[in-house]
Amino acid sequence: MIALMTLASPASSFAVAGAESFSVGYTKAHDIAPSTFTVKKGEKVHIEINPSDTATGCMSEIMIPGLWDKPQPLVKGKKIVMEFTPQKTGAYKITCAMGVQRGVINVQ
Ligand SMILES: [Cu+2]
């Protein structure tokens, strides 16, 4: 029973109706984790980031050019929710507000 429940609830994914959902952490030491995602074109994506630290300097904001274009500040304890439906396949960079890459979303 425990094994079945574990299989049904992987740590990086949880249920949001109608969306592929990801739970993401942030620390200053390791930035976002996980940082690589694979999703499907035309299917809604729901990403929640729960920062354990407040980011500073260059990497203080996060965005996904082409999927989520409004930079969001990473503030300790302040959940960030990004929801979007990718319309084109490709590899979309997760970046800071000035475009430095910190992860990738592969749309298949
Ligand atoms: Cu930057």
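**Entry 1: strand pairing**

I count two strands as paired if DSSP finds at least two bridges between them. The model I am reading is predicted. With that rule in hand I looked at β4 and its neighbours. β1 and β4 pair in the parallel sense, over seven bridges. Within that pairing I noted S23, which stands opposite E48 in β4. I then turned to β7 and found five bridges joining it to β4, with the two strands running antiparallel. One of the residues I checked there was I49, whose bridge partner in β7 is I80.

I also asked how well β4 is covered. Six of its seven residues are buried, so β4 is largely enclosed by the rest of the structure.

**Entry 2: the overall layout**

I stepped back to list the elements. The protein has one helix and nine strands. Read from the N terminus, the helix comes at the start and the strands follow, in the order α-β-β-β-β-β-β-β-β-β. Of the 108 residues in the protein, 32% are buried. The exposed surface comes to about 6,300 Å², and carbon and sulfur atoms supply 57% of it.

I also looked up contacts by sequence separation. Among contacts with a separation of 6 or more, 58% are between residues 24 or more positions apart.

**Entry 3: the nonpolar core**

Which residues have the most contacts inside the largest nonpolar core? I found I47, I49, I62, I64, F84 and I105, in a core of 21 residues. The elements that give two or more residues to this core are β1 (20-27), β3, β4, β5, β7 (80-84), β8 and β9.

I followed I105 further. Leaving out residues up to four places away in sequence, I105 touches F37, V39, I47, I64, L67, F84, G90, A91, Y92 and I94. I47, I64 and F84 in that list are also named for their contacts inside the core.

**Entry 4: the copper ion**

Which atoms coordinate the copper ion? I read three donors: C58 (O), C58 (SG) and C96 (SG), at 2.0 to 2.8 Å. C58 lies in the loop between β4 (45-51) and β5 (61-64), and C96 in the loop between β8 (90-95) and β9 (101-107), so the pair ties together parts that are 38 residues apart in sequence.

I compared the cover on the two cysteines. C58 is partly exposed, at 32% relative accessibility. C96 counts as buried because its relative accessible area is 0%, and the cut-off for buried is under 20%.

**Entry 5: salt bridges**

Side chains of opposite charge can pair when their charged atoms come close. I searched the whole structure and got three salt bridges.

The D31 and R102 pair has its closest N and O atoms 2.7 Å apart. This pair links distant parts of the chain, with D31 in strand β2 and R102 in strand β9, 71 residues apart. Both D31 and R102 are buried.

Next I noted E83 and K44, whose side chains meet at 3.6 Å, N to O. E83 is in strand β7 and K44 is in the loop between β3 and β4, so I have another link between distant parts of the chain, 39 residues apart. Are these two residues buried or partly exposed? E83 is partly exposed, with a relative accessible area of 33%, and K44 is partly exposed at 34%.

The remaining entry is E48 with K79, at 3.5 Å, N to O. E48 lies in strand β4 and K79 in the loop between β6 (68-73) and β7, so the pair ties together parts that are 31 residues apart in sequence. The cover differs here: E48 is buried at 14% relative accessible area, whereas K79 is partly exposed at 48%. E48 is the residue I met in Entry 1, opposite S23.

**Entry 6: backbone oddities**

Most residues other than glycine have a negative phi, and most peptide bonds are trans. I logged two departures against that background.

Where is the cis bond? The peptide bond from A33 to P34 is cis, with omega near -5°. P34 is found in the loop between β2 (31-33) and β3 (36-39).

D31 has a positive phi, near 55°, and is not a glycine. I had already placed D31 in strand β2. D31 is buried, with a relative accessible area of 17%, and I close by noting again its salt bridge with R102.

Terms used:
Residues are numbered from 1 along each chain as its sequence is written. This is a predicted model: local features need pLDDT of at least 70, side-chain atom pairs count only at pLDDT 80 or more; totals for chains, interfaces and linings use all residues. Side-chain values use heavy atoms; hydrogens and water are left out. Helices (H or I, at least four residues) and strands (E, at least two) are DSSP runs, numbered from the N terminus. Buried means under 20% relative accessible area, exposed over 50%, partly exposed in between (1.4 Å probe, protein chains only). Donors are N, O and S atoms within 2.8 Å of the metal (3.2 Å for Na, K and Ca); water is not among the atoms, so sites may look incomplete. A nonpolar core is a set of buried Ala, Val, Leu, Ile, Met, Phe, Trp, Tyr and Cys residues joined through side-chain atoms within 4.5 Å. Contact means heavy atoms within 4.5 Å. Accessible areas come from the Shrake-Rupley method with a 1.4 Å probe; for residues, only the protein chains shown count as cover. A salt bridge is a side-chain nitrogen of Lys or Arg within 4 Å of a carboxyl oxygen of Asp or Glu.
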